[in-house]
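Biologist: Could you take me through this one at bench level? I would like to see how each conclusion is reached.

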Amino acid sequence: MASLGRLHEPRIMAVANQKGGVGKTTTAVNIAAALARSGARVLLVDLDPQGNASTGLGIPTDQRRPSSYDLLIDEIPITDVVRKTDIANLTICPANSDLASADIDLVSNEKRSFLLHDALRHPVMDGLELDFIIIDCPPSLSLLTVNALVACHSVLVPLQAEFYALEGLSQLMLTIREVRQSANPGLRIEGILVTMYDGRNKLSQQVEADVRATLGDLVFQTVIPRNVKISEAPSYAMPVITYDPSSKGSEAYLAVARELLVRHPLRETQE
Ligand SMILES: Nc1ncnc2c1ncn2[C@@H]1O[C@H](COP(=O)(O)OP(=O)(O)OP(=O)(O)O)[C@@H](O)[C@H]1O
Ligand SMILES: [Mg+2]
């Protein structure tokens, strides 16, 4: 019988923007959950010492060891770090404040930019049979974000629909170019996702128009609306797609996941 097969290699996507509070974690958690709901096997790697993605998926703070810090610094196998979540097909590699010292702890490590890359290509990964790995980056272009950019196939950039949205993007683009020229020549931009869009606000409309005029096809067709259900969901330790499946926010993240699945379809195999 034909059934959903697994991609041989998972598609690895980093969610990055050094600007704080633009919707990185919200996007990482909800895209991961939406892809999982579509039948994909998804791992979310929390690479932010704030641990917001771990909180958003209900991993208590006293249950975050081993964490992504141990994965990077102690090089323990990812299978020892991964936890189940309440969402079927969605696992998480949690983070805690240990990660805040990663830059310093790794300063003399020659492989320091490749630690996540190597962890995600370790032979134990095969046993996880993943389709997608989503990495939630911290709001900086520090070593943690560089590890994500070196490890991933593509980077998804949330851009908040506000006046200064495009400022700061050039710095991220420069870092992406540098990583491409050195450690990860195949690195692509998966897309720019306009977040916290308020359709009644002229400024939001103007920002979206500017972003599309400047970045063209790089911009996802779907725009994420400003939606109170999205901001409430993490306090119930749920993605919005389970907290309020019929909300505008949930519909939008499911639509982004559909855009991704068109580009990166799950393989059908005969079993
Ligand atoms: N579409 C949205 N509608 C309403 N609130 C949102 C939306 N997206 C994100 N938020 C809220 O905005 C705040 C910042 O979002 P989020 O934590 O995802 O950003 P971030 O880029 O990960 O932040 P940081 O840079 O600190 O990691 C959170 O309180 C979140 O609930
Ligand atoms: Mg965040």
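Biologist: Which exposure class does E75 fall into?

Modeller: This is a predicted model, so local features need pLDDT of at least 70 and side-chain atom pairs count only at pLDDT 80 or more, while totals for chains, interfaces and linings use all residues. Buried means under 20% relative accessible area and exposed over 50%, with partly exposed in between (1.4 Å probe, protein chains only). E75 has a relative accessibility of 45%, so the class of E75 is partly exposed.

Biologist: What is the phi of E75, and where does the residue sit?

Modeller: Residues are numbered from 1 along each chain as its sequence is written, chains are lettered from A and ligands numbered from 1 in the order in which they are written, and side-chain values use heavy atoms, leaving out hydrogens and water. Helices (H or I, at least four residues) and strands (E, at least two) are DSSP runs numbered from the N terminus. E75 is not a glycine, yet has a positive phi, near 50°. Its place is the loop between α3 and β4 (83-84).

Biologist: Which exposure class does N89 have, given its positive phi?

Modeller: N89 has a phi of about 70° although it is not a glycine, and it lies in the loop between β4 and β5 (90-93). Its relative accessible area is 37%, so N89 is partly exposed.

Biologist: And what is the omega of the peptide bond from R65 to P66?

Modeller: P66 belongs to the loop between α2 (52-56) and α3 (68-73). The bond from R65 to P66 is cis, with omega near -5°.

Biologist: How many disulfides should I expect to find in the model?

Modeller: A disulfide is a pair of cysteine sulfur atoms within 2.5 Å, and C137 has its closest cysteine sulfur, in C152, at 7.7 Å, which is too far for a bond. By this rule the number of disulfides is 0. C93 is in no disulfide either, since the nearest cysteine sulfur, that of C137, is 13 Å away. That leaves the count of disulfides at 0.

Biologist: Which residues of α8 are buried, and on how wide an arc do they lie?

Modeller: The buried residues of α8 are S204, V207, E208, V211 and L215. They sit on the same side of α8, because the arc they cover around the axis (taken from the directions from the helix axis to the C-beta atoms) is only 100°. An α-helix has 3.6 residues a turn, so residues three or four places apart point the same way. The buried set is therefore S204, V207, E208, V211 and L215, on an arc of only 100°.

Biologist: Which exposed residues does the opposite face of α8 carry?

Modeller: Here we look at the face turned away from the buried side of α8. The exposed residues there are K202 and A213.

Biologist: Which helix gives the largest share of the lining of the largest pocket?

Modeller: A pocket is an open set of points on a 1 Å grid over the protein atoms alone, with protein on both sides within 12 Å along at least five of seven lines; lining residues have an atom within 4 Å of a point. The largest pocket has 25 lining residues, with G21, V22, G23, T26 and M196 nearest its centre. Both α1 (24-37) and α9 (228-232) supply at least two lining residues. The largest share, 4 residues, comes from α1.

Note on methods:
1 Å grid on protein atoms, 1.4 Å probe; cavity = no way out; pocket = protein on both sides within 12 Å on 5 of 7 lines; lining within 4 Å.
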